[in-house]
Every structure is written in C-alpha cells, then in structure tokens.
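Open the model in your viewer and keep the selection tool ready. The stops below say what to select next and what is there.

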Amino acid sequence: MAVSRSSRSGRTRRNNLPSRNNGSRGELRKRKQRHKRKKNSWIWKVILLIILCLGVYFFLNSSAFTVENIEVEGNQRISDEDIITLSGITTGGNLFDVDREKAEEKVALHAMVKSVDIKTRPFHKILIQVEEKEAVAWLYQEDEGYYLVDENGNLMEKREEYNDYLPLIRSIELPRFLCVGMRLDSQDAADLLAAAAVFADFMRERPRELSVSSDHGIVMTLDTMELRLGEAKDLLKKRHLIEDLLDEIPAADLPQVEYMDVSSLRKPVIGGYDLEASAGQQNQENTQENTDNGNSNVAPKEDTSEAGDGM
C-alpha cells in the first residue's frame, strides 16, 4: 500500500510540470509571426519605393521640364539658327533627354567655332555658349573667291566678295583645291597671317593687302604706300615704329611717302619723303608763328610829341 501511494504521488508531480513540447510550439509560433511581420514590412518598403520612383519619373517627364527656349551666346559671324541646327536640339523635348556632349561635338565641327559649352537652365531653357575663331585676313584665290582665315591658317568661310576691315592676302602659293575647313601649312602663309594678326585693326578704314617679296620680305600695301616689314619677327614693335613715324608726317604729306622700310628697327627708311626737312620746315614755321604772336602782344608806343608841345 505504501508503494502504491508513492507511485501515485510521483505521477501527480510529473503531471503538474510544464510540457517541453508546448513551450517549443509557442516559441515557433512567435518566430513565424515575427518573420511574417518582417516580410510584410519589406514588401511595403518595396511598394513605397516603386511609388516614389514612379512619381519622380512622371515628374521629370512632365511639362515642367519641356525645352521651350534655346538661346545662343558669343556668336558674331555664325547665325543662331545654324548653331541650333548643328546641335540637333529641338524644342518640345525633355531637358534630361538632351545629350549635351554629343551636341557640343556637333557644333564644334563648324569651321568657325573654337569652343562650345551647352548648359541647361531651369526649367525650360537650353543655353549654347560659343567662342568663335578670330579672323585675321581674307585670302584670295583666282577663279575661286575669298576665304576668311584665322591666325592658324584655317579657312573659315568662303565669299564672292570681301570687306575692307581685314587685310587681303593675294600673292602666296596655294593648293590647287581649297575648301572651308582646310588649313594652310606653308611658311609664307604662316608669316603673312602672323603679320595680319598684328595689323588687323591698323588703319582699318583703308584697304590693305599683304604679300611676300623676295627683296623686302613681308610687304603691306596701304593705298599707294608700301610698309616693308622684312621677316616675321618683332612685328608688334614694327607696328609701333610705323605709327610713330606716321604721327610725325602731316596728313597732307602722306601721298608723298612711297614706302616705309622698318625691316631694321634701328634704321627705318622712308622713301619719297624727307622727314628731317619736313621737321625743320615745321620748326621754322612754328618759330615764325611764335614770333608773330609775340609781336602782336606788344602794345604800340603812344605818341607824346603833341602833348609836350602843348606844355
């Protein structure tokens, strides 16, 4: 009987202990719930991200970023229409669809363009900034016409006539065929273009022609006067020397000057005109004028003889 009670009490105590299986099932259930919550949270994040991306996409492609205006700056010889056409940019498209690098490459192909920079401006504007090559002379080829040339010898533009603003180059040996975009690479062309760059705005109201002479080097013809420059060095100093010499010659005497040879900066030569004699004559005229002015300032003496007789 004692044994029976002890066995019953043992079973009773075991029944009162918590079950390990029940605990593990509860823990598993909690893990599943946490995993489900995490999964749902991740799904919502993805949905929100998709919505955000779609919102940004539709906003950027809305009419707020439509190209409505294309402006060009820095151009003087090339028209706005030509630059815009070269760029390939059109109104009505989206600002973010504009391939600026490709458009810049297209505009840079123009023979007169030195550099180009394309920028977008909020919200409807494209700005094309252009730097043109600087023209220094016109080049003439018989039966072809006139070509505008920059200081590096690049042919920039062709015309049937030329204006008198820039010097005209005639007498150099040229390739048989010329076209816009070509570059002259002869030494004579390089020398003349260097001189043209220095004398581009020199007495621009008069026609000027540049040529190469075996005797005098670079020669600029100015009306009936020759400016003999010699070799293509110290060109700026030679220009300043010519300007100083011209300042010493009265405008009325300029037709007498046949040439100015400044190939030697130390010994310039003026042909057909005696600068020293002109200077001496001018000094004499100035002296005579000063003398005349001095005499006119002297007050005439009063005749007092009658007054003395009366006393």
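## The whole chain

Start with everything shown: 29% of the chain's 311 residues count as buried. The model is a predicted one. Colour by secondary structure, and the chain has 8 helices and 12 strands. Take the contacts between residues at least 6 apart in sequence: 51% of these join residues at least 24 apart.

## The largest nonpolar core

Select L139, F202, L227, L229, I242 and M260. These belong to the largest nonpolar core, which has 39 residues, and they touch the most other members. Now add the elements β4 (135–141), β5 (145–150), α5 (187–198), β9 (217–222), β10 (225–230) and α6 (235–248); at least two residues of this core come from each.

Keep L139 and show its surroundings. Which residues is L139 in contact with, leaving aside neighbours within four places in sequence? They are G145, Y146, Y147, V149, L155, I169, I172, L174, L178 and L184.

Then hide that group and select V67, V98, V116 and I126. These four are among the members of a second, separate core of 25 residues.

## Strands β2 and β3

Select residues 113–121, strand β2, together with residues 125–132, strand β3; the two run antiparallel and are joined by 8 bridges. They form a hairpin, with 3 residues between the strands. For one of the pairings, pick D117, whose bridge partner in β3 is Q129.

## Strand β10 and its partner

Is β10 largely enclosed or open? Of its 6 residues, 5 are buried, so the rest of the structure largely encloses β10. Add strand β11 (residues 259–261): β10 pairs with β11 in the parallel sense, over 3 bridges. Label R228 and D261 to see a bridge pair, with D261 on the β11 side.

## The loop after β11

Move on to P268, in the loop between β11 and β12 (269–271). The relative accessibility of P268 is 32%, between the limits of 20% and 50%, so P268 counts as partly exposed. Show the residues around P268: not counting those up to four places away in sequence, P268 touches L241, L245, D261 and V262. D261 is thus met again here, having been the bridge partner of R228. Finally, draw a distance line from the C-alpha atom of P268 to that of K238; the separation is 9.5 Å, although the two residues are 30 apart along the chain.

## The two largest pockets

For the largest pocket, select G74, Q76, R77, E132, K133, E134, A135, V136, Y165, L166 and A200, which line it. The space inside is about 220 Å³. Coloured by class, this lining shows 5 nonpolar, 2 polar and 4 charged residues.

For the second largest pocket, select G88, I89, D97, V98 and D99. Among the 13 lining residues, these five lie nearest the centre of the pocket. V98 has appeared before, as a member of the second core. Which helix gives the largest share of this lining? Helix α4 (residues 100–108) does, with 3 residues. By class, the lining here has 4 nonpolar, 5 polar and 4 charged residues. The volume of this second largest pocket is about 150 Å³.

How values were computed. Residues are numbered from 1 along each chain as its sequence is written. This is a predicted model: local features need pLDDT of at least 70, side-chain atom pairs count only at pLDDT 80 or more; totals for chains, interfaces and linings use all residues. Side-chain values use heavy atoms; hydrogens and water are left out. A nonpolar core is a set of buried Ala, Val, Leu, Ile, Met, Phe, Trp, Tyr and Cys residues joined through side-chain atoms within 4.5 Å. Buried means under 20% relative accessible area, exposed over 50%, partly exposed in between (1.4 Å probe, protein chains only). Helices (H or I, at least four residues) and strands (E, at least two) are DSSP runs, numbered from the N terminus. Contact means heavy atoms within 4.5 Å. On a 1 Å grid over the protein atoms alone, a cavity is a set of points where a 1.4 Å probe fits but cannot get out, and a pocket is an open set with protein on both sides within 12 Å along at least five of seven lines; lining residues have an atom within 4 Å of a point. Grid points are joined across faces, edges and corners, and a volume is the space filled by probe spheres set on the points. Ala, Val, Leu, Ile, Met, Phe, Trp, Tyr, Cys and Pro count as nonpolar, Asp, Glu, Lys and Arg as charged, and the others, Gly among them, as polar. Two strands pair if DSSP finds at least two bridges between them.
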